[in-house]
Amino acid sequence: MEAESGANGTAVTEFILLGLVETPGLLPLVFVLFLFAYLLTVGGNLSILAAILVEPKLHTPMYFFLGNLSVLDVGCITVTVPSMLGRLLSHKRAVPYGACLTQLFFFHQLAGVDCFLLTAMAYDRFLAICRPLTYSTRMSQMVQKILVAVSWACAFTNALTHTVAISTLHFCGPNVINHFYCDLPQLFPLSCSSTQLNELLLFGLGVLMAGAPVILIVASYIHVAAAVLRIRSAEGRKKAFSTCGSHLTVVGIFYGTGIFSYMRLGSVEASDKDKGIGILNTVISPMLNPLIYSLRNPDVQGALRKVLMGKRALA
């Protein structure tokens, strides 16, 4: 373990990430699976983004937010998986202290924007179904851009606060992290100084970053459900609910894994379970989002066919 006595009190200069498995025979399989998942996620999300850009039918607020969500999904998986694949190839598990904190910052930045974007999408569905007459003015292009900009600003404040707070901790002893990326719940037990304030900060900001959006999403969908149930035709009800189903599925996966990750601090026994939750959070969720939004959406399917067939037509 490399250590030095710096002016900022940080003795540990690197952390050792144990990764997903310690059995050497399984490492090639893990590498292939995660490389495939990464390529599938990036390809799927960029395809959705291309479909939204080329299809005029999809130039609506809902798909503007979905396009932003696709960019975030690519970012989220890129923050964690390529560095893990690099360590598997090089057989080096050490991560410099600065690189660990940088990864932590960008992960919380992108995940934070995800929280607010999913809320903006719920608000969009509420306006479209419950306030159709004023929808175009209430969800103008300017409003859409403001919602995205505010999402980035709030997430940046949250990520910077956590990164600065953890940089004040003193790491002087163990530096082994039983995970495949750097995150707050795994770093807290390694600190030689008290993490009580950091844990309170994580809980308090977690309630603001996740609790408030969940309340707004639930409130939006209560109004949406009430409005849809007032529609007399079964076909009308089905059409209104179909635009909400995909979004609710993504919300369930995203917040479900997030709550498990950050609201269970201090449990050493849960470290192996945390890896599974981490895979759900950083790999499975971004990989599933394009499938969830395209499988039951004929407009997206048509636009994707255009993107793929367009290349053949040009050839």
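**Helices, a small sheet and two loop residues**

The accessible surface of the protein adds up to about 15,800 Å², and carbon and sulfur atoms own 70% of that. Areas here come from the Shrake-Rupley method with a 1.4 Å probe, and for residues only the protein chains shown count as cover. The model is a predicted one, so local features need pLDDT of at least 70 and side-chain atom pairs count only at pLDDT 80 or more, while totals for chains, interfaces and linings use all residues. Residues are numbered from 1 along each chain as its sequence is written, and side-chain values use heavy atoms, with hydrogens and water left out.

On to the overall build. The secondary structure consists of ten helices and three strands, and along the sequence these follow the pattern β-α-α-β-α-α-α-β-α-α-α-α-α. Helices (H or I, at least four residues) and strands (E, at least two) are DSSP runs, numbered from the N terminus. Of the 315 residues in the protein, 47% are buried; buried means under 20% relative accessible area, exposed means over 50%, and partly exposed is what lies in between (1.4 Å probe, protein chains only). Among contacts between residues at least 6 apart in sequence, 78% join residues at least 24 apart, a contact being heavy atoms within 4.5 Å.

UniProt, in an unreviewed entry, lists residues 26–53, 65–85, 105–126, 146–171 and 200–229 under "transmembrane region". Its positions are given in the numbering used here, feature names are shortened, and annotations may be inferred rather than shown by experiment. In the model, the span 26–53 is 96% helix and 0% strand, with its end C-alpha atoms 41 Å apart. The span 65–85 is 100% helix and 0% strand, and its end C-alpha atoms lie 30 Å apart.

Helix H1 covers residues 27–54; its 28 residues should span 40 Å at 1.5 Å a residue, and the end C-alpha atoms are indeed 40 Å apart. The expected span of a helix is 1.5 Å times one less than its number of residues. Buried positions in H1 include Phe31, Phe34, Tyr38, Asn45 and Ile52.

Helix H2 (residues 61–90) behaves likewise: 44 Å is expected for its 30 residues, and 44 Å is what separates its end C-alpha atoms. H2 still bends by about 35° at threonine 78, with a proline, proline 82, following within four residues. The bend at a residue is the angle between axes fitted to the seven residues ending there and the seven starting there. Since 21 of the 30 residues of H2 are buried, this helix is largely enclosed by the rest of the structure. After H2 comes histidine 91, in the loop between H2 and E2. Histidine 91 has a positive phi of about 60° although it is not a glycine, and this residue is exposed, with a relative accessible area of 63%.

Helix H7 (residues 196–229) has 34 residues and reaches 47 Å from its first C-alpha to its last, close to the 50 Å expected at 1.5 Å a residue. H7 bends by about 30° at valine 207. Among its buried residues are Asn198, Gly206, Met209, Pro213 and Tyr221.

As for the strands, three of them form an open sheet in the order E2-E1-E3, with mixed pairing. Strands E2 (94–96) and E3 (176–177) stand at the edges with a single partner strand each, so one side of each is left without a neighbour in the sheet. Two strands pair if DSSP finds at least two bridges between them. Strand E1 (residues 14–17) pairs with E2 in the antiparallel sense over three bridges; here isoleucine 16 stands opposite alanine 94, and glutamate 14 faces proline 96. E1 and E3 run parallel and are joined by two bridges, with leucine 17 opposite isoleucine 177 in E3.

The loop between E1 and H1 holds glycine 19. Glycine 19 is buried, with a relative accessible area of 14%. Leaving aside residues up to four places away in sequence, glycine 19 touches His179, Phe180 and Lys275. Glycine 19 and valine 30 are eleven residues apart in sequence, with 10.0 Å between their C-alpha atoms; valine 30 is itself one of the buried residues of H1.
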